Amino acid sequence: MAESVSRPSWLWPRAAYIHIPFCAHHCGYCDFAVAVGQDDRIDAYLDALAAELTRLEAPQKVDTLFFGGGTPSHLSACQLEKLLAIVGRWFTLAHGHEFSLEANPSSLDEAKLQLLAGHGVNRISLGVQSFSASLLRVLERDHAPADAAKAFELTRKYIPNVSLDLIFGVPGQTLENWRTDLEEAAALAPSHIATYGLTYEKGTRLWKQERQGQVQKLSEDTELGLYTFAMDFLEQAGFEHYEISNFARAGFHCRHNATYWANEAYFGFGMGAARYVDGVRQTNVRELGAYIDRASAGKPTHFQSEQLEPRDRAFETMALQLRRAQGIDRLGFCAQTGFTVEDLAGTAMKKLEELELLAGDVWAVHLTRKGKCLADAVVAQLMAAK
Ligand code: SF4
């Protein structure tokens with residue numbers, strides 16, 4: 001990679017993601033790239049990350065930096081300090097930056113928060129998932145409901161911009177306990193709330209439990225009811241529904257994730273991390289030992305690399321940008337992809353507008369409320385025009 005020159009943000013990144021895979025415990029539904037019970041390798045991992053980052057060749061200025069996982073807050077204060085020093089050598093933060101870190105309620109303390117705030121971290125994404133003890137047990141989370149509120153208050157003392165993650169569609173969940181989760185989350189007055197529908201990823205413990213009949217998936221109608229309830233509840237509570245799964249108070253959209261939804265470029269480093277630089281998407285190996293060995297030896301850390309054809313990239317951009325409430329800005333889309341949305345899927349789009357799943361004008365096209373509930377089907381219809 002070379003030094004950043006002034007190229008459009010869909011080609012050269014203004015955003016960087018650093019993956020910290022370590023977790024105290026493997027939650028039953030999770031299929032992220034994680035490393036559990038391997039804390040003795042954290043220092044070796046950080047050294048490997050430092051080696052991988054040298055591929056940048058020159059420091060890069062970014063608007064957003066995101067430490068995700070895994071559980072970045074699982075690192076000790078000393079390890080976090082080392083991580084911040086390593087990453088700080090390669091990324092400088094632009095004025096008005098957003099610097100986020102994902103944390104679990106059970107792994108934050110004053111020393112870590114003080115350190116993070118002192119290094120420019122100004123947004124914490126807290127994995128609450130639920131305030132119900134029984135649903136936290138189903139999800140196999142390792143914190144109790146009271147830990148979330150405590151961690152939130154402690155975080156806010158040092159870093160006021162806190163986002164809460166909630167999960168809906170959990171086996172056994174009812175509209176009543178989902179309402180309670182949303183009420184408890186809103187009562188804390190966070191700047192942002194993300195609500196994710198639970199998925200049964202192949203190979204996870206939850207997936208096996210479902211196949212063996214030990215847990216029962218909620219019906220699609222029930223899940224849809226939970227989603228629409230969240231939309232109404234959070235909008236009434238003053239949150240803007242700015243992306244299919246994300247709600248924010250004014251001025252608190254997640255700018256880093258907005259890069260992904262715009263299909264713009266981003267750097268990604270660490271085990272399992274993806275990057276999208278100069279039109280090439282690469283994904284790093286997901287196994288800790290392999291990542292450490294490859295990065296430390298100066299070998300390529302990715303196992304997948306693809307450069308999409310312009311037309312395929314345009315379709316991908318269309319699918320991602322439709323996730324946003326603002327939808328697709330027609331002129332911006334054309335500048336970014338070289339295609340108009342009509343060129344790509346004009347007929348399908350017209351049909352979807354007639355079905356009131358899409359709406360638009362000469363400037364933009366976006367999902368309607370009905371379209372948000374059927375977003376996957378809408379995108380599938382558009383992709384069929386390929
Ligand atoms: S804490 Fe998060 S990343 Fe770690 S195992 Fe649980 S869900 Fe996965």
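How many residues of domain 1 are in contact with domain 2, and how many of domain 2 with domain 1? I went looking in this model, which is a predicted one. I counted 12 residues on the domain 1 side and 10 on the domain 2 side.

**Domains.** I checked the bounds next: the domain assignment puts domain 1 at 15-261 and domain 2 at 310-383. Their C-alpha centres sit 28 Å apart. Between the two domains, about 1000 Å² is buried, and carbon and sulfur atoms give 55% of that. On the domain 1 side, I noted that Met 231, Ile 244 and Trp 261 lose the most area to domain 2, together 47% of what that side buries.

**Sheet.** I then traced the strands. There are 9 of them in an open sheet, ordered S9-S10-S8-S7-S6-S5-S4-S1-S11, with mixed pairing. Why do S9 and S11 each have one side without a neighbour in the sheet? Strand S9 (240-243) and strand S11 (267-269) are at the edges and have a single partner strand each, so one side of each stays free. From one strand to the next, the twist averages 20°.

I zoomed in on one edge: S1 (residues 15-20) runs parallel to S11, and 3 bridges join the two. One bridge I looked up pairs Ala 16 with Phe 267 in S11.

**Helix.** I found helix H5 (residues 145-158) lying across strands S6 (123-129) and S7 (162-168), at about 175° to S6.

**Ligand.** Last, I listed the residues around the ligand, among them Cys 23, His 25, His 26, Cys 27 and Arg 141. Sorted by class, that shell holds 6 nonpolar, 5 polar and 1 charged residues.

Notes. Residues are numbered from 1 along each chain as its sequence is written. This is a predicted model: local features need pLDDT of at least 70, side-chain atom pairs count only at pLDDT 80 or more; totals for chains, interfaces and linings use all residues. Side-chain values use heavy atoms; hydrogens and water are left out. A residue is near a molecule or strand if one of its heavy atoms lies within 4 Å of it. Ala, Val, Leu, Ile, Met, Phe, Trp, Tyr, Cys and Pro count as nonpolar, Asp, Glu, Lys and Arg as charged, and the others, Gly among them, as polar. Two strands pair if DSSP finds at least two bridges between them. Helices (H or I, at least four residues) and strands (E, at least two) are DSSP runs, numbered from the N terminus. Axes are lines fitted to C-alpha atoms, for helices over the stretch in contact, and angles run from 0 to 180 degrees between N-to-C directions. Contact means heavy atoms within 4.5 Å. Domain bounds come from an automatic or database domain assignment. Buried area is the accessible area (1.4 Å probe) that two parts lose on being put together, summed over both.
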